[in-house]
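Hi everyone, thanks for making time this morning. Let me put the sequence and the structure up on the screen, and then we can walk through them together.

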Amino acid sequence: MEDEAAVRGIAKRILAQNGYRVLEAADGSVALRLAASHVGEIDLVLTDVEMPHLGGRGMVEEMRELSPGLPVLYMSGYSKEELFPDKERRQNTPYIQKPFTGDTLLAEIRTTLGYAT
């Protein structure tokens, strides 16, 4: 989930070229509708943290009601320290800083899914 079309498109292209099936959404409401129609099929959520309307954190809270334990990789142009001031939460939250490279995105996804990088 990413509100910037260019970032969303690049991430989708990188992931699709590496064998991932991607469902994309420009906001949290659309993401929740997609998740509701694909329960059990989603392996990971890649979402911007700060967005207009329903942001990443709120969307993830609601999505986890449908799929508890669903892995999430947050992304943002803000630093992780700004977004997650609580040290324990910061250390336990998968996060990638924008802008990122394709290799970095793929490595963070593998890490979040628990695969060796």
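Look first at the residues that line the largest cavity: Ala35, His38, Val39, Gly40, Glu41, Ile42, Met63, Ser67 and Leu70. That lining divides into 5 nonpolar residues, 3 polar ones and 1 charged one. The cavity's volume comes to about 30 Å³, and a search of the whole structure turns up 1 cavity of 30 Å³ or more.

Before going on, please keep in mind that this is a predicted model. The pLDDT of the protein chain averages 92, and 98% of the residues score at least 70. Among the elements, helix H5, residues 87-91, has the lowest mean pLDDT, at 84, while H6 has the highest, at 97.

Now for the pocket. The volume of the largest pocket is about 660 Å³. Its lining takes in 29 residues, and Arg21, Val22, Leu23, Ile42 and Leu44 are the ones that lie nearest its centre. You may recall Ile42 from a moment ago, as Ile42 also lines the largest cavity. Which elements supply the pocket lining? At least two residues each come from helix H1 (5-17), H2, strand S1 (45-48), H3 and helix H6 (102-113). H1 gives the most, with 5 residues. By type, the pocket lining splits into 21 nonpolar, 1 polar and 7 charged residues.

Since we are at H1, let me point out Lys12, which is found in that helix. Is Lys12 buried or partly exposed? Its relative accessible area is 33%, so Lys12 counts as partly exposed. Setting aside neighbours within four places in sequence, Lys12 is in contact with Val22 and Glu24. For Lys12 and Val22, the C-alpha to C-alpha distance is 6.3 Å, with the two being 10 residues apart in sequence.

On to the cores. In soluble globular proteins, nonpolar side chains tend to be buried together. Here, the largest nonpolar core has 17 residues, and those touching the most other members are Met1, Ala31, Val45, Met59, Met63, Tyr74 and Phe84. Helix H2 (28-37), helix H3 (56-66) and strand S2 (72-76) each supply at least two residues of this core. Apart from this core lies another one, of 12 residues, including Ala11, Leu46, Leu73 and Phe100. Met63 is worth a second glance, as Met63 is also part of the largest cavity's lining.

What does Tyr74 touch, beyond its neighbours within four places in sequence? The contacts are Thr47, Val49, Gly56, Arg57, Val60, Phe84, Arg89, Thr93, Pro94, Tyr95 and Ile96.

Next comes a charged residue, Asp48, in strand S1. With a relative accessibility of 4%, Asp48 is buried, because the cut-off for that is under 20%. Not counting residues up to four places away in sequence, Asp48 touches Met1, Glu2, Asp3, Gly56, Met75, Ser76 and Lys98.

That brings us to Lys98, which is joined to Pro99 by a cis peptide bond with omega at about -5 degrees. Most peptide bonds are trans. As for where to find Pro99 on the screen, it sits in the loop between strand S3 (95-97) and H6.

That's my tour, and I'm happy to rotate the view for anyone who wants another look.

Conventions
Residues numbered from 1 in each chain as written. Predicted model: local features only at pLDDT ≥ 70, side-chain atom pairs only at ≥ 80, totals over all residues. Heavy atoms only, no water. Core = buried A, V, L, I, M, F, W, Y, C linked by side-chain atoms within 4.5 Å. Buried < 20%, exposed > 50% of the residue type's maximum accessible area, 1.4 Å probe, protein only. Helix = DSSP H or I, 4+ residues; strand = E, 2+ residues; numbered from the N terminus. Contact = heavy atoms within 4.5 Å. 1 Å grid on protein atoms, 1.4 Å probe; cavity = no way out; pocket = protein on both sides within 12 Å on 5 of 7 lines; lining within 4 Å. Points joined across faces, edges and corners; volume = space filled by probe spheres on them. Nonpolar A, V, L, I, M, F, W, Y, C, P; charged D, E, K, R; others polar. pLDDT = per-residue confidence, 0-100.
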